[in-house]
Amino acid sequence: MSVNPVRGVDYPATYQQLLAWFPDDKRCLEYLAGLRWPDGFVCPSCAGRQFWRTGTGLWMCQACERRTSVTAGTIFHRTRTPLSSWFAAIWFLTSQKNGMSALGLQRVLGFASYETAWAWLHKLRRAMVRPERDRLAGIVELDETMIGGVSDGVHGGYGDKVAVMVAVERNGTRRLGRVRLAVAKHPGTSELVQFATTVIEPGSTIRTDGARTLRQLAELGYTHEYTTGYNAPDKASVLPGVHLVASLIKRWLIGTLHYRVEEHQLPYYLDEYTFRFNRRAATSRGLLFYRLLQQAVTTGPRPLHSLHNRTNSP
Ligand SMILES: [Zn+2]
């Protein structure tokens, strides 16, 4: 697999090509192996490079005889569904500019159950952001913003707002770079500083409002530029990137998903939005298919119960 994957060579150019390339699990496994071990098989036990393929689709190390599944430790772990169906789901999810609702996925794949489509989409969202990777750099705007239309999932009442932490790169005066998002559990606290240190490279310049807790950023290896609340006419003019991203997210949640998002599920949607936003300039939708599968084979499994469990947030 190459650093600059090529359409029609490294990933399918069309849905017809997808069907032709991946008719069965065997072909899907070969493809996933190429993504997981780009330089060839490496035994997780002894780092051996020589292997046999077993009749059950495993890689067996010639040195220590350990058997390795290419899907072990990924979202495809112990799936009972053919991998070709997963590949089709990923194709649909990534080939639509704004993504797809669970109902939409249920329809195109002919699932009997809405619940299955919903669980698949959430597993795939978890594969969309690689934690600890791809930290933002350069000039970065940072703020909290309120996202409305989120249900707290407890009282059944809608219309609540949730604080979301937004960091977005400014490339030049107008253009936005990459974004990172997370739900704020404790808005208005130094949680925003912790978020910044997780998602922004030291040495970057961080622009914020004048909140006092954020002054710590200057001692944490960043150049901190802030506008004090007294001088700021309004937040949108001080941090235009953050507020543009916030309004795009709101529009996306309402326009694409057509249903209310429960608060404990919001992180999954933020991950999907991040994946799409950061790849919005991709010349081919198929490249997003490739990137998502690539990330999926390096992302741990998410059993359904952890998706529903609100205390088990990422
Ligand atoms: Zn080995």
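In strand β6, which residue is the bridge partner of Met165? The partner is Ala182, and this pair is a good place to start a walk through the chain. What you are looking at is a predicted model, in which local features need pLDDT of at least 70 and side-chain atom pairs count only at pLDDT 80 or more, while totals for chains, interfaces and linings use all residues. Residues are numbered from 1 along each chain as its sequence is written.

Met165 and Ala182 belong to a pairing of strand β5 (residues 160–171) with strand β6 (residues 175–183), which is antiparallel and runs over seven bridges. Two strands are said to pair if DSSP finds at least two bridges between them. The names of the elements also come from DSSP: helices are runs of H or I with at least four residues, strands are runs of E with at least two, and both are numbered from the N terminus. With three residues between them, β5 and β6 form a hairpin, and in its turn Gly172 has a positive phi of about 75 degrees.

Taken as a whole, the chain has 11 helices and nine strands. Of its 314 residues, 35% are buried, where buried stands for 20 or more other C-beta atoms within 10 Å of a residue's own, exposed for 12 or fewer, and partly exposed for anything in between, with C-beta atoms placed from the backbone. Among contacts between residues at least 6 apart in sequence, 58% join residues at least 24 apart; a contact here is a pair of residues whose C-beta atoms, placed from the backbone, lie within 7 Å.

Another group of strands is an open sheet of three, in the order β1-β2-β3, with antiparallel pairing. Its edge strands are β1 (51–53) and β3 (67–68), each of which pairs on one side only. Strand β2 (residues 59–61) is joined to β3 by two bridges, and Met60 stands opposite Arg67 in β3. The loop between β2 and β3 contains Glu65, a residue other than glycine whose phi is nonetheless positive, near 65 degrees. Glu65 counts as exposed because 12 other C-beta atoms lie within 10 Å. Ala47, in the loop between α2 and β1, likewise has a positive phi, near 65 degrees, without being a glycine. Ala47 has 10 C-beta neighbours inside 10 Å and so counts as exposed.

The helices can be followed from the loop between α1 (15–21) and α2 (25–36), where Pro23 has its place. Pro23 is exposed, because 11 other C-beta atoms lie within 10 Å. The C-alpha atom of Pro23 is separated by 6.5 Å from that of Ser84, although the two residues are 61 apart along the chain. Ser84 also takes part in the packing of α2 with α3, in which Asp25, Cys28 and Leu29 of α2 meet Leu83, Ser84 and Phe87 of α3. By class, this contact has four nonpolar, one polar and one charged residues, where Ala, Val, Leu, Ile, Met, Phe, Trp, Tyr, Cys and Pro count as nonpolar, Asp, Glu, Lys and Arg as charged, and the others, Gly among them, as polar.

The axes of α2 and α3 are 8 Å apart and the helices pack at an angle of about 60 degrees; axes are lines fitted to C-alpha atoms, for helices over the stretch in contact, and angles run from 0 to 180 degrees between N-to-C directions. The two helices are therefore oblique to each other, since angles under 35 degrees count as roughly parallel, over 145 as roughly antiparallel, 65 to 115 as roughly perpendicular and the rest as oblique.

Helix α3 (residues 83–95) also packs with helix α10 (residues 285–296), at an angle of about 130 degrees and with axes 8 Å apart. That angle makes α3 oblique to α10. Here Ile90, Trp91, Thr94 and Ser95 of α3 meet Arg285, Leu288, Phe289, Leu292 and Leu293 of α10, a contact with six nonpolar, two polar and one charged residues.

A last pair is helix α4 (residues 102–109) with helix α5 (residues 114–126), whose axes come within 8 Å and cross at roughly 115 degrees. That makes α4 roughly perpendicular to α5. From α4 the contact uses Ala102, Leu103, Leu105 and Gln106, and from α5 Tyr114, Ala117, Trp118, Trp120 and Leu121; by class, eight are nonpolar, one is polar and none is charged.

Notes. Contact = placed C-beta atoms within 7 Å.
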